[in-house]
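User: I am new to protein structures and would like a close look at a single part. Please start there, then show me how it sits in the rest.

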Amino acid sequence: MDAVKDCLRDFPKEARELYLNDAVPYLDGPLSPIQFYREWIGPNKPCILRNGFSDWPALSKWNPAYLREKVGTKVISVAVTPNGYADAVNRNRFVMPEERHMTFSSLLDIIEGKVKSNGVFYVQKQCSNLTEELPELTGDVQTHIPWMSEALGKQPDAVNFWLGEESAVTSMHKDHYENLYCVISGQKEFILLPPTDRPFIPYELYQPATYRQNEDGTFEIVDEEGSLKVPWIPLDPLNPDLDRYPSYRLTKPLHCTVKAGEMLYLPSLWFHHVRQSHGCIAVNFWYDMEYDIKYNYFQLVESLTNAVGSL
């Protein structure tokens, strides 16, 4: 068991020495599909592209006045939480947001401070909400990224629209997607950890629950009865409890800011934590990952990490 622990400790170090960058690199624009695949998708490395979608009308059009006119009366799904943390650990529960249906104009009233609210509001529904709930806006963007679709040989599984308050935070997690994250206005702050750092990232099982706002404005946590426990990361990378999770000291997080007009390529299985400026608008494209030998290797590392426990 000690030998396995030593291997798991050395594994992330070797990855950093062999191929990982010390910071997220910038590209001046898209590469050819085959070159992007060879240099970034295949090696599973993130990068930020400038001028990746400079022809989108959304960059100049998407302000509150335009959005009110275009989709103000549309009813959309909005995540509401007391503290801005949706899908995160709270009081030994994995707590999901209250999903509220409201008009886009009502959301903008809250974002612009015209209406006061006790909760934190965030459009974050990830079931291709741009094409499903807001198809009127698709003419201002692309519904896929042609060079990425060609590189991967597929269309995106989902195209998601994001808009929220500064307090809305996405807790540390990973996705099984190749992710192109395009910031339209404002900026996003990402903390990234490669899949090879998995031995140092804690997971625990939690009872799933949901926030519910009462008539007096307070929130309560309501258990999802009969649901299986959810594995989730309890650690907050902004304030990690290193006494409880000492192995996290061995990680090498990458910090990057994605500004308006920039596109982050976030590879599959990379752990990420996200903050944003107030009223930031973004669109992201989720392309399903290939469940190939790299995924197989990741599952092996995850199984070994779970088997040996704390490093």
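Here is the request's answer in one piece, from one strand outward.

Analyst: First, some ground rules. This is a predicted model, where local features need pLDDT of at least 70 and side-chain atom pairs count only at pLDDT 80 or more, while totals for chains, interfaces and linings use all residues. Residues are numbered from 1 along each chain as its sequence is written, and side-chain values use heavy atoms, with hydrogens and water left out.

Now the part itself: strand E10. Strand E10 spans residues 169-173. Strands (E, at least two residues) and helices (H or I, at least four) are DSSP runs, numbered from the N terminus. Is E10 covered or open? It is mostly covered, as 5 of its 5 residues are buried. Buried means under 20% relative accessible area, exposed means over 50%, and partly exposed lies in between, with a 1.4 Å probe and protein chains only.

Look at the partners next. Two strands pair if DSSP finds at least two bridges between them. E10 pairs with strand E4 (residues 85-86) in the parallel sense, over 2 bridges. Within E10, Thr170 stands opposite Ala86. E10 also has 2 bridges to strand E18 (residues 271-276), and these two run antiparallel. There, His173 has His272 as its bridge partner in E18.

Step back to the sheet. It is open, holds 5 strands and has mixed pairing, in the order E4-E10-E18-E12-E16. E4 and strand E16 (254-259) are its edge strands, each pairing on one side only.

Now follow the chain past E4. The loop between strand E5 (88-90) and strand E6 (93-96) holds Arg91. Asn92 lies in that loop between E5 and E6 too. Which sign does phi take here? Arg91 has a positive phi of about 55° although it is not a glycine. For Asn92, phi is positive as well, at about 60°, and again the residue is not a glycine. This deserves a pause because most residues other than glycine have a negative phi. Arg91 is exposed, with a relative accessible area of 67%. Asn92 counts as exposed too, at 54% relative accessibility.

A little further on comes helix H5. H5 covers residues 104-111 and is mostly covered, with 6 of its 8 residues buried. Those buried residues are Phe104, Ser105, Leu107, Leu108, Ile110 and Ile111. What covers them? The cover includes helix H4 (64-71), strand E3 (75-81), strand E7 (98-103), strand E8 (120-123) and strand E9 (158-164). Contact means heavy atoms within 4.5 Å. After H5 comes Gly113, with a positive phi near 80°.

Two more residues give a feel for the rest. Val4 sits in helix H1 (residues 2-18). Val4 is partly exposed, at 29% relative accessible area. Setting aside neighbours within four places in sequence, Val4 contacts Leu304 and Val308. Pro208 belongs to strand E13 (residues 204-213). Pro208 is buried, with a relative accessible area of 4%. Not counting residues up to four places away in sequence, Pro208 touches eight listed neighbours, among them Phe94, Met96, Asp223 and Val230. Some pairs are widely spaced: the C-alpha atoms of Pro208 and Phe36 are separated by 39 Å.

Finally, the whole chain. The protein chain has 8 helices and 19 strands. Its radius of gyration is 20 Å, close to the 19 Å of the globule rule for 311 residues, so the chain is as compact as a globular protein of that length. That radius is taken over C-alpha atoms, and the rule is 2.2 Å times the number of residues to the power 0.38. Along the principal axes, the C-alpha atoms fill a box of roughly 60 × 50 × 30 Å. Buried residues make up 50% of the 311 residues. Among contacts with a separation of 6 or more, 83% join residues 24 or more positions apart. E10 fits into this picture as a strand whose 5 residues are buried, with E4 and E18 as its partners.
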